[in-house]
Amino acid sequence: MDRDFLIDLFTDFGPVTIRRMFSGFGISADGTNFALALRAGLYFRADETTIPQFEAEGSQPFSYQTRTKTVTVNSYWQLPARLFDDSEELSNWARAALAAAQRAALRKRPKPRKPTKKAVAKKPVAKKKKPVGRVGKAKRAHHAG
């Protein structure tokens with residue numbers, strides 16, 4: 001899939017940003033990445049709300065092979081091939097994928113933390129200077145004898 005094909009594919013959905021990513025493209029709208037075009041497949045962001053829709057179509061999650069194992073990425077599922085010919089329904093799936101990506105972004109936001117004792121700014125402590133002219137116990141014993 002090339003950039004022009006993807007732009008045409010999402011015409012009914014609305015404006016998208018397409019960026020080079022890995023061996024394909026990342027597709028985003030409103031600053032949120034919601035789709036990946038990789039290895040001649042188009043993968044949409046999915047979550048517990050939308051995964052059943054992909055499963056009903058017989059779709060599979062994105063996966064790739066490392067030297068030692070197959071890694072499955074359950075947050076991106078392959079778009080059913082029939083949707084490439086139905087731009088209106090593809091737009092509905094794209095909106096659902098964007099909503100899933102936005103929900104995931106909300107869950108990722110860090111909660112504000114209460115400051116810990118270490119995080120509270122401390123006044124710098126001045127180093128103690130060694131007393132000048134004093135003699136330690138060992139030297140006193142030596143001088144006394």
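S28 is found in strand β2 of this predicted model. The residue is buried, because its relative accessible area of 7% is under the 20% cut-off. Leaving aside neighbours within four places in sequence, S28 is in contact with V16, T17, R19, N33 and F34. One of these contacts, T17, is also the bridge partner of S28.

**Overall make-up**

The secondary structure comes to 4 helices and 6 strands. From the N terminus on, the elements run α-β-β-β-β-α-β-β-α-α. Of the 145 residues, 32% count as buried. Among contacts between residues at least 6 apart in sequence, 47% join residues at least 24 apart.

Confidence varies along the chain. The average pLDDT is 85, and 74% of the residues score at least 70. Helix α2 has the highest confidence, at 97. Helix α4 (residues 137–144) has the lowest, with a mean of 59.

**The sheet**

In what order do the 6 strands of the open sheet lie? The order is β1-β2-β3-β4-β6-β5, and the pairing is antiparallel. β1 (17–21) and β5 (61–65) are the edge strands, each pairing on one side only. Neighbouring strands are turned by 35° against each other on average, direction ignored.

Several of the antiparallel pairings are set out below, each with one pair of facing residues.

| Strand pair | Bridges | Facing residues |
|---|---|---|
| β1 and β2 | 5 bridges | T17 and S28 |
| β3 and β4 | 4 bridges | A37 and L42 |
| β4 and β6 | 3 bridges | R45 and Y76 |
| β5 and β6 | 5 bridges | Y64 and V71 |

Two of these pairs are hairpins. β1 and β2 have 2 residues between them, and F22 in that turn has a positive phi of about 50°. The hairpin of β5 and β6 has 4 residues between its strands.

**The nonpolar cores**

The largest nonpolar core has 26 residues. Those with the most contacts inside it are L6, F10, F13, I27, F34, L42 and F44. Helices and strands both contribute: α1 (3–9), β2 (24–29), β3, β4, α2 and α3 (87–108) each supply at least two residues. Which element gives the most to this core? It is α3, with 6 residues. In soluble globular proteins, nonpolar side chains tend to be buried together.

A second, separate core has 5 residues, including L36, L38, Y43 and Y76. Y76 of β6 also stands opposite R45.

L42 shows how the parts of the chain meet. Not counting residues up to four places away in sequence, L42 touches M1, L6, L9, F10, I27, L36, A37, W77, Q78, L79 and F84. Among these contacts, L6, F10 and I27 are also listed with L42 among the best-connected residues of the largest core. A37 is another contact of L42, and stands opposite L42 across the pairing with β4. L36, also touched by L42, belongs to the second core.

**Helix α3**

α3 has 22 residues. From its first C-alpha to its last, α3 reaches 31 Å, close to the 32 Å expected at 1.5 Å a residue. Which residues of α3 are buried? They are L90, S91, W93, A94, A97, L98, A100, A101 and A104. An α-helix has 3.6 residues a turn, so residues three or four places apart point the same way. The buried residues of α3 pack against α1, β2, β3, β4 and α2.

**A46, after β4**

A46 lies in the loop between β4 and α2 (51–56). Is A46 buried or exposed? A46 counts as buried, because its relative accessibility is 5%. Not counting residues up to four places away in sequence, A46 touches I51, F54, N74, S75, W77 and A100. W77 is thus a contact of A46 and of L42. A100 is one of the buried residues of α3. L98, also buried in α3, is 52 residues from A46 along the chain, yet their C-alpha atoms are separated by 8.8 Å.

Conventions. Residues are numbered from 1 along each chain as its sequence is written. This is a predicted model: local features need pLDDT of at least 70, side-chain atom pairs count only at pLDDT 80 or more; totals for chains, interfaces and linings use all residues. Side-chain values use heavy atoms; hydrogens and water are left out. Two strands pair if DSSP finds at least two bridges between them. Axes are lines fitted to C-alpha atoms, for helices over the stretch in contact, and angles run from 0 to 180 degrees between N-to-C directions. Buried means under 20% relative accessible area, exposed over 50%, partly exposed in between (1.4 Å probe, protein chains only). Contact means heavy atoms within 4.5 Å. A nonpolar core is a set of buried Ala, Val, Leu, Ile, Met, Phe, Trp, Tyr and Cys residues joined through side-chain atoms within 4.5 Å. The expected span of a helix is 1.5 Å times one less than its number of residues. pLDDT is the predictor's confidence in each residue, from 0 to 100.
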